[in-house]
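Biologist: Before I use any labels from this model, I would like to know what each one rests on. Can we go through them in turn?

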Amino acid sequence: MSTLHEADDVSRGTTSPAVLKAVGLTKHFPVRGPGNRVVHAVEGVDLELQQGRVVALVGESGSGKSTVARLLAQLLTLTKGEITLDGTRVDAHFGRKFRRYCRNVQMILQDPFASLNPIHRVRYVLTRSIKIHHPGIRRDEREQLLGELLTRVDLTPPERYLEKFPHELSGGQRQRVAIARALGANPRVLLADEPVSMLDVSIRIGVLNLLRDLKDRLNLAILYITHDIASARYFADRTVVMYAGQVVERGPSEDVTQRPAHPYTQLLIASAPDADLLGERAEGEARGEPPSLISPPSGCRFHPRCPFAMERCVTTAPPIFQVGEGQEAACWLYAEDATEERRAAFGVSA
Ligand code: SF4
(Lines give C-alpha, C1' and ligand atoms only; values in the text may rest on other atoms or scores of the structure.)
Protein backbone atom coordinates (compact mmCIF):
# COMPACT_ATOMS: atom_id res chain seq x y z
CA MET A 1 0.00 0.00 0.00
CA SER A 2 1.33 3.42 -0.90
CA THR A 3 2.22 5.61 2.04
CA LEU A 4 1.81 8.80 0.00
CA HIS A 5 -1.69 10.18 -0.43
CA GLU A 6 -3.25 10.16 -3.86
CA ALA A 7 -5.59 12.75 -5.29
CA ASP A 8 -7.83 10.57 -7.43
CA ASP A 9 -10.86 10.83 -5.19
CA VAL A 10 -10.39 14.40 -4.11
CA SER A 11 -12.43 17.05 -5.81
CA ARG A 12 -10.54 20.02 -7.17
CA GLY A 13 -11.51 23.38 -8.45
CA THR A 14 -11.48 27.03 -7.74
CA THR A 15 -14.25 26.82 -5.19
CA SER A 16 -12.57 24.41 -2.79
CA PRO A 17 -11.86 25.99 0.59
CA ALA A 18 -8.38 27.33 1.30
CA VAL A 19 -6.12 24.88 3.07
CA LEU A 20 -3.68 27.66 4.00
CA LYS A 21 -4.86 31.24 4.27
CA ALA A 22 -3.14 34.47 5.22
CA VAL A 23 -5.01 37.65 6.10
CA GLY A 24 -3.28 40.99 6.54
CA LEU A 25 0.17 39.41 6.70
CA THR A 26 2.56 42.07 7.96
CA LYS A 27 6.25 41.87 8.88
CA HIS A 28 8.43 44.71 10.09
CA PHE A 29 12.12 44.09 10.84
CA PRO A 30 13.70 46.43 13.39
CA VAL A 31 16.69 48.42 12.14
CA ARG A 32 19.74 48.73 14.38
CA GLY A 33 20.76 52.17 15.48
CA PRO A 34 19.03 55.20 16.92
CA GLY A 35 15.28 55.64 16.65
CA ASN A 36 12.64 52.98 16.27
CA ARG A 37 13.05 52.51 12.57
CA VAL A 38 11.77 49.36 10.90
CA VAL A 39 11.95 47.76 7.47
CA HIS A 40 8.37 47.46 6.19
CA ALA A 41 9.11 44.14 4.46
CA VAL A 42 5.53 42.88 4.10
CA GLU A 43 2.37 44.89 4.61
CA GLY A 44 -1.22 43.66 4.64
CA VAL A 45 -0.84 40.69 2.29
CA ASP A 46 -3.85 38.39 1.80
CA LEU A 47 -3.27 34.98 0.23
CA GLU A 48 -5.23 31.74 -0.19
CA LEU A 49 -3.82 28.37 -1.19
CA GLN A 50 -6.21 25.64 -2.30
CA GLN A 51 -5.44 21.97 -2.76
CA GLY A 52 -4.63 20.99 -6.33
CA ARG A 53 -3.89 24.62 -7.31
CA VAL A 54 -0.75 26.71 -7.83
CA VAL A 55 -0.51 30.35 -6.82
CA ALA A 56 2.48 32.30 -8.14
CA LEU A 57 3.86 35.14 -6.05
CA VAL A 58 5.77 37.40 -8.42
CA GLY A 59 7.95 40.46 -7.92
CA GLU A 60 11.45 41.85 -8.03
CA SER A 61 14.09 41.05 -5.43
CA GLY A 62 13.20 42.82 -2.21
CA SER A 63 9.47 42.88 -2.94
CA GLY A 64 8.80 40.77 0.17
CA LYS A 65 7.79 37.54 -1.53
CA SER A 66 10.36 35.34 0.24
CA THR A 67 9.43 36.92 3.57
CA VAL A 68 5.82 35.91 2.89
CA ALA A 69 7.00 32.30 2.35
CA ARG A 70 8.96 32.35 5.61
CA LEU A 71 5.97 33.74 7.49
CA LEU A 72 3.74 31.03 6.03
CA ALA A 73 6.36 28.41 6.98
CA GLN A 74 6.31 29.75 10.57
CA LEU A 75 10.03 30.52 10.33
CA LEU A 76 9.31 34.15 11.20
CA THR A 77 6.81 35.62 13.63
CA LEU A 78 4.12 37.97 12.35
CA THR A 79 4.07 41.65 13.21
CA LYS A 80 0.35 41.68 12.35
CA GLY A 81 -2.14 39.50 10.57
CA GLU A 82 -3.28 35.92 10.77
CA ILE A 83 -2.42 32.56 9.22
CA THR A 84 -4.95 29.73 9.27
CA LEU A 85 -4.55 26.07 8.33
CA ASP A 86 -7.88 24.40 7.57
CA GLY A 87 -9.59 27.36 9.20
CA THR A 88 -7.66 27.12 12.47
CA ARG A 89 -5.35 29.94 13.45
CA VAL A 90 -1.70 28.88 13.56
CA ASP A 91 1.09 30.19 15.73
CA ALA A 92 3.60 27.32 15.83
CA HIS A 93 7.23 28.35 15.72
CA PHE A 94 8.87 25.54 17.70
CA GLY A 95 8.34 22.23 19.44
CA ARG A 96 5.56 19.75 18.77
CA LYS A 97 3.16 22.31 17.30
CA PHE A 98 5.78 23.36 14.76
CA ARG A 99 6.53 19.73 13.79
CA ARG A 100 2.81 19.07 13.35
CA TYR A 101 2.53 22.17 11.16
CA CYS A 102 5.55 21.05 9.10
CA ARG A 103 3.81 17.78 8.34
CA ASN A 104 1.24 19.84 6.45
CA VAL A 105 3.37 22.68 5.11
CA GLN A 106 6.81 22.09 3.60
CA MET A 107 9.24 24.45 1.98
CA ILE A 108 11.50 23.99 -1.04
CA LEU A 109 14.40 26.40 -1.15
CA GLN A 110 16.05 28.12 -4.06
CA ASP A 111 19.50 26.61 -3.75
CA PRO A 112 19.65 22.80 -3.90
CA PHE A 113 23.43 23.04 -3.46
CA ALA A 114 23.06 24.65 -0.04
CA SER A 115 19.90 22.91 1.14
CA LEU A 116 21.44 19.40 1.13
CA ASN A 117 24.21 18.65 3.61
CA PRO A 118 27.22 17.57 1.51
CA ILE A 119 28.36 14.94 4.05
CA HIS A 120 25.11 12.95 3.93
CA ARG A 121 24.00 10.45 1.32
CA VAL A 122 20.52 10.67 -0.24
CA ARG A 123 19.46 7.69 1.90
CA TYR A 124 20.28 9.62 5.10
CA VAL A 125 18.55 12.81 3.92
CA LEU A 126 15.30 11.03 3.10
CA THR A 127 15.40 8.63 6.05
CA ARG A 128 15.73 11.56 8.43
CA SER A 129 12.68 13.24 6.94
CA ILE A 130 10.69 10.00 7.16
CA LYS A 131 11.74 9.38 10.79
CA ILE A 132 10.80 12.91 11.83
CA HIS A 133 7.41 12.88 10.16
CA HIS A 134 6.49 9.20 10.53
CA PRO A 135 7.67 8.28 14.03
CA GLY A 136 7.32 4.58 14.70
CA ILE A 137 7.36 3.56 11.04
CA ARG A 138 8.65 -0.01 10.57
CA ARG A 139 11.97 -0.56 8.81
CA ASP A 140 10.42 -2.38 5.84
CA GLU A 141 7.81 0.41 5.45
CA ARG A 142 10.59 2.97 5.59
CA GLU A 143 12.53 1.19 2.84
CA GLN A 144 9.38 1.07 0.72
CA LEU A 145 8.76 4.77 1.30
CA LEU A 146 12.36 5.64 0.36
CA GLY A 147 11.82 3.99 -3.02
CA GLU A 148 8.42 5.65 -3.45
CA LEU A 149 9.81 9.11 -2.72
CA LEU A 150 12.59 8.82 -5.28
CA THR A 151 10.20 7.36 -7.83
CA ARG A 152 7.81 10.27 -7.22
CA VAL A 153 10.51 12.72 -8.27
CA ASP A 154 11.57 10.61 -11.25
CA LEU A 155 14.89 9.49 -9.80
CA THR A 156 14.65 5.90 -10.95
CA PRO A 157 15.62 3.24 -10.30
CA PRO A 158 15.84 4.43 -6.68
CA GLU A 159 18.81 2.15 -5.90
CA ARG A 160 20.91 4.19 -8.31
CA TYR A 161 20.49 7.32 -6.18
CA LEU A 162 20.09 6.19 -2.57
CA GLU A 163 23.80 5.88 -1.81
CA LYS A 164 24.92 9.00 -3.67
CA PHE A 165 26.30 12.15 -2.04
CA PRO A 166 24.91 15.53 -3.20
CA HIS A 167 28.13 16.33 -5.12
CA GLU A 168 27.55 13.22 -7.24
CA LEU A 169 24.21 14.62 -8.46
CA SER A 170 23.39 17.32 -11.00
CA GLY A 171 21.63 20.52 -9.85
CA GLY A 172 18.30 19.24 -11.14
CA GLN A 173 18.76 15.89 -9.38
CA ARG A 174 19.61 17.66 -6.12
CA GLN A 175 16.47 19.77 -6.35
CA ARG A 176 14.49 16.57 -6.97
CA VAL A 177 16.02 15.07 -3.80
CA ALA A 178 15.06 18.25 -1.92
CA ILE A 179 11.50 17.88 -3.25
CA ALA A 180 11.48 14.19 -2.23
CA ARG A 181 12.61 15.20 1.26
CA ALA A 182 9.69 17.64 1.46
CA LEU A 183 7.30 14.93 0.25
CA GLY A 184 8.61 12.71 3.06
CA ALA A 185 6.36 14.68 5.40
CA ASN A 186 3.37 13.82 3.21
CA PRO A 187 2.47 17.52 3.12
CA ARG A 188 -0.61 19.21 1.69
CA VAL A 189 1.13 22.51 1.00
CA LEU A 190 4.46 23.20 -0.72
CA LEU A 191 6.05 26.63 -0.43
CA ALA A 192 8.49 26.70 -3.35
CA ASP A 193 10.81 29.71 -3.09
CA GLU A 194 12.39 30.27 -6.53
CA PRO A 195 12.74 26.48 -6.94
CA VAL A 196 14.27 26.63 -10.42
CA SER A 197 16.13 29.94 -10.54
CA MET A 198 19.51 28.38 -9.61
CA LEU A 199 19.17 25.57 -12.16
CA ASP A 200 20.38 25.43 -15.75
CA VAL A 201 17.77 26.81 -18.12
CA SER A 202 17.59 23.44 -19.88
CA ILE A 203 16.32 21.62 -16.78
CA ARG A 204 14.02 24.25 -15.30
CA ILE A 205 10.98 23.14 -17.28
CA GLY A 206 11.54 19.55 -16.17
CA VAL A 207 11.47 20.50 -12.48
CA LEU A 208 8.39 22.73 -12.97
CA ASN A 209 6.65 19.91 -14.83
CA LEU A 210 7.51 17.58 -11.96
CA LEU A 211 5.98 20.00 -9.44
CA ARG A 212 2.87 20.32 -11.60
CA ASP A 213 2.58 16.56 -11.87
CA LEU A 214 2.97 16.20 -8.09
CA LYS A 215 0.35 18.90 -7.57
CA ASP A 216 -2.12 16.92 -9.67
CA ARG A 217 -1.31 13.46 -8.33
CA LEU A 218 -1.03 14.41 -4.64
CA ASN A 219 -3.56 17.25 -4.73
CA LEU A 220 -0.96 19.63 -3.33
CA ALA A 221 -1.47 23.33 -2.80
CA ILE A 222 1.65 25.08 -4.12
CA LEU A 223 2.90 28.60 -3.57
CA TYR A 224 5.38 29.27 -6.38
CA ILE A 225 7.61 32.24 -5.67
CA THR A 226 9.39 33.68 -8.66
CA HIS A 227 10.69 36.85 -10.26
CA ASP A 228 9.87 35.37 -13.67
CA ILE A 229 6.31 36.30 -14.56
CA ALA A 230 6.47 34.26 -17.78
CA SER A 231 6.99 31.07 -15.79
CA ALA A 232 4.04 32.07 -13.58
CA ARG A 233 1.83 32.04 -16.65
CA TYR A 234 3.12 28.62 -17.60
CA PHE A 235 2.87 27.04 -14.17
CA ALA A 236 0.33 28.80 -11.93
CA ASP A 237 -3.46 28.96 -11.85
CA ARG A 238 -3.44 32.33 -10.13
CA THR A 239 -0.79 35.03 -9.99
CA VAL A 240 -0.25 37.56 -7.24
CA VAL A 241 2.11 40.46 -7.97
CA MET A 242 3.98 42.13 -5.09
CA TYR A 243 5.73 45.46 -5.08
CA ALA A 244 7.59 46.95 -2.11
CA GLY A 245 5.97 44.58 0.38
CA GLN A 246 2.40 44.97 -0.86
CA VAL A 247 0.12 43.14 -3.28
CA VAL A 248 -0.54 45.35 -6.31
CA GLU A 249 -2.40 42.91 -8.57
CA ARG A 250 -3.88 39.42 -8.43
CA GLY A 251 -6.05 37.24 -10.60
CA PRO A 252 -6.07 34.25 -12.95
CA SER A 253 -2.55 33.84 -14.35
CA GLU A 254 -3.76 34.07 -17.95
CA ASP A 255 -5.43 37.44 -17.29
CA VAL A 256 -2.65 38.93 -15.17
CA THR A 257 0.02 38.00 -17.70
CA GLN A 258 -1.96 38.67 -20.89
CA ARG A 259 -3.98 41.68 -19.73
CA PRO A 260 -1.98 43.14 -16.85
CA ALA A 261 -3.90 45.89 -15.11
CA HIS A 262 -1.33 47.49 -12.81
CA PRO A 263 1.45 49.67 -14.30
CA TYR A 264 4.05 47.68 -12.34
CA THR A 265 2.80 44.36 -13.74
CA GLN A 266 2.93 45.91 -17.20
CA LEU A 267 6.54 46.91 -16.70
CA LEU A 268 7.43 43.45 -15.39
CA ILE A 269 5.90 41.88 -18.46
CA ALA A 270 7.53 44.37 -20.79
CA SER A 271 10.88 43.27 -19.39
CA ALA A 272 9.98 39.61 -19.95
CA PRO A 273 8.09 39.60 -23.22
CA ASP A 274 8.56 36.08 -24.48
CA ALA A 275 7.06 33.22 -22.50
CA ASP A 276 8.95 30.78 -24.72
CA LEU A 277 12.18 32.09 -23.21
CA LEU A 278 11.03 30.78 -19.85
CA GLY A 279 13.68 31.50 -17.27
CA GLU A 280 16.26 32.83 -19.70
CA ARG A 281 15.87 36.45 -18.80
CA ALA A 282 17.60 38.27 -16.04
CA GLU A 283 15.41 39.37 -13.18
CA GLY A 284 12.48 41.44 -14.44
CA GLU A 285 13.40 45.08 -14.12
CA ALA A 286 10.96 47.90 -14.02
CA ARG A 287 11.96 51.51 -14.59
CA GLY A 288 14.11 52.95 -11.79
CA GLU A 289 15.01 51.39 -8.49
CA PRO A 290 12.77 49.74 -5.91
CA PRO A 291 12.16 52.12 -2.99
CA SER A 292 13.62 52.00 0.50
CA LEU A 293 11.39 49.94 2.74
CA ILE A 294 12.60 51.78 5.82
CA SER A 295 10.76 54.88 4.67
CA PRO A 296 8.58 53.71 1.79
CA PRO A 297 7.05 56.31 -0.55
CA SER A 298 3.81 57.91 0.59
CA GLY A 299 0.53 57.03 -1.13
CA CYS A 300 1.05 54.42 -3.82
CA ARG A 301 4.51 52.96 -3.22
CA PHE A 302 5.01 52.68 -6.97
CA HIS A 303 4.41 56.37 -7.67
CA PRO A 304 8.09 57.43 -8.02
CA ARG A 305 8.47 54.93 -10.87
CA CYS A 306 5.01 55.12 -12.39
CA PRO A 307 4.55 56.94 -15.72
CA PHE A 308 0.86 57.51 -14.90
CA ALA A 309 1.23 58.92 -11.38
CA MET A 310 -1.37 61.50 -10.43
CA GLU A 311 -1.53 63.89 -7.52
CA ARG A 312 -3.51 61.59 -5.28
CA CYS A 313 -1.11 58.72 -5.99
CA VAL A 314 1.48 60.67 -3.96
CA THR A 315 -0.79 61.31 -1.01
CA THR A 316 -3.16 58.36 -0.72
CA ALA A 317 -2.59 54.63 -1.04
CA PRO A 318 -5.01 53.14 -3.60
CA PRO A 319 -7.50 50.50 -2.48
CA ILE A 320 -7.90 47.28 -4.45
CA PHE A 321 -10.23 47.71 -7.44
CA GLN A 322 -12.00 44.93 -9.33
CA VAL A 323 -10.71 45.13 -12.92
CA GLY A 324 -12.02 41.90 -14.43
CA GLU A 325 -13.49 38.57 -13.45
CA GLY A 326 -11.41 37.53 -10.47
CA GLN A 327 -8.76 40.14 -11.34
CA GLU A 328 -7.94 43.01 -9.00
CA ALA A 329 -5.43 45.85 -8.97
CA ALA A 330 -4.41 48.46 -6.40
CA CYS A 331 -4.24 51.49 -8.68
CA TRP A 332 -6.10 54.80 -8.85
CA LEU A 333 -6.44 54.45 -12.63
CA TYR A 334 -9.36 52.13 -11.88
CA ALA A 335 -11.22 54.53 -9.63
CA GLU A 336 -14.61 55.52 -11.01
CA ASP A 337 -13.56 59.14 -11.25
CA ALA A 338 -10.23 58.53 -13.05
CA THR A 339 -10.14 60.88 -16.03
CA GLU A 340 -10.90 59.58 -19.49
CA GLU A 341 -7.56 60.92 -20.76
CA ARG A 342 -5.63 58.86 -18.25
CA ARG A 343 -7.70 55.78 -18.92
CA ALA A 344 -7.13 56.22 -22.63
CA ALA A 345 -3.40 56.84 -22.19
CA PHE A 346 -3.13 53.61 -20.28
CA GLY A 347 -5.57 51.66 -22.43
CA VAL A 348 -7.96 51.16 -19.51
CA SER A 349 -11.61 50.84 -20.49
CA ALA A 350 -14.24 52.65 -18.42
FE1 SF4 B 1 0.67 54.60 -10.88
FE2 SF4 B 1 -1.02 55.96 -9.36
FE3 SF4 B 1 -1.66 53.53 -10.20
FE4 SF4 B 1 0.21 53.90 -8.36
S5 SF4 B 1 -1.96 54.36 -8.15
S6 SF4 B 1 0.32 52.54 -10.09
S7 SF4 B 1 1.18 55.75 -9.06
S8 SF4 B 1 -1.35 55.35 -11.48
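Modeller: What follows takes a few labels and sets each against its cut-off; the model is predicted.

Biologist: Why is Ala 244 called buried?

Modeller: Buried means under 20% relative accessible area. Ala 244 has 5% relative accessibility, so Ala 244 counts as buried. Ala 244 lies in the loop between strand 9 (238-243) and strand 10 (246-252).

Biologist: Why is Asp 154 called partly exposed?

Modeller: Partly exposed runs between the limits of 20% and 50%. Asp 154 has 48% relative accessibility, so Asp 154 counts as partly exposed.

Biologist: What is the sign of phi in Asp 154 and in Ala 244?

Modeller: Phi is positive in Asp 154, at about 65°, and positive in Ala 244, near 50°. Neither Asp 154 nor Ala 244 is a glycine. Most residues other than glycine have a negative phi.

Biologist: Where is Asp 154, and where is the cis peptide bond?

Modeller: Asp 154 is in the loop between helix 5 and helix 6. The cis bond joins Thr 156 and Pro 157, with omega about -10°. Pro 157 lies in the loop between helix 5 (139-152) and helix 6 (159-162).

Biologist: What makes the shell around the ligand nonpolar or charged?

Modeller: Its residues divide into eleven nonpolar, two polar and no charged. Cys and Trp count as nonpolar; among the 13 residues around the ligand, Cys 300, Cys 306, Cys 313, Cys 331 and Trp 332 come nearest.

Biologist: Where does the ligand sit?

Modeller: The ligand sits in the largest cavity.

Methods: Residues are numbered from 1 along each chain as its sequence is written. This is a predicted model: local features need pLDDT of at least 70, side-chain atom pairs count only at pLDDT 80 or more; totals for chains, interfaces and linings use all residues. Side-chain values use heavy atoms; hydrogens and water are left out. A residue is near a molecule or strand if one of its heavy atoms lies within 4 Å of it. On a 1 Å grid over the protein atoms alone, a cavity is a set of points where a 1.4 Å probe fits but cannot get out, and a pocket is an open set with protein on both sides within 12 Å along at least five of seven lines; lining residues have an atom within 4 Å of a point. A molecule sits in a cavity or pocket if more than half of its atoms lie within 2 Å of its grid points. Helices (H or I, at least four residues) and strands (E, at least two) are DSSP runs, numbered from the N terminus. Buried means under 20% relative accessible area, exposed over 50%, partly exposed in between (1.4 Å probe, protein chains only).
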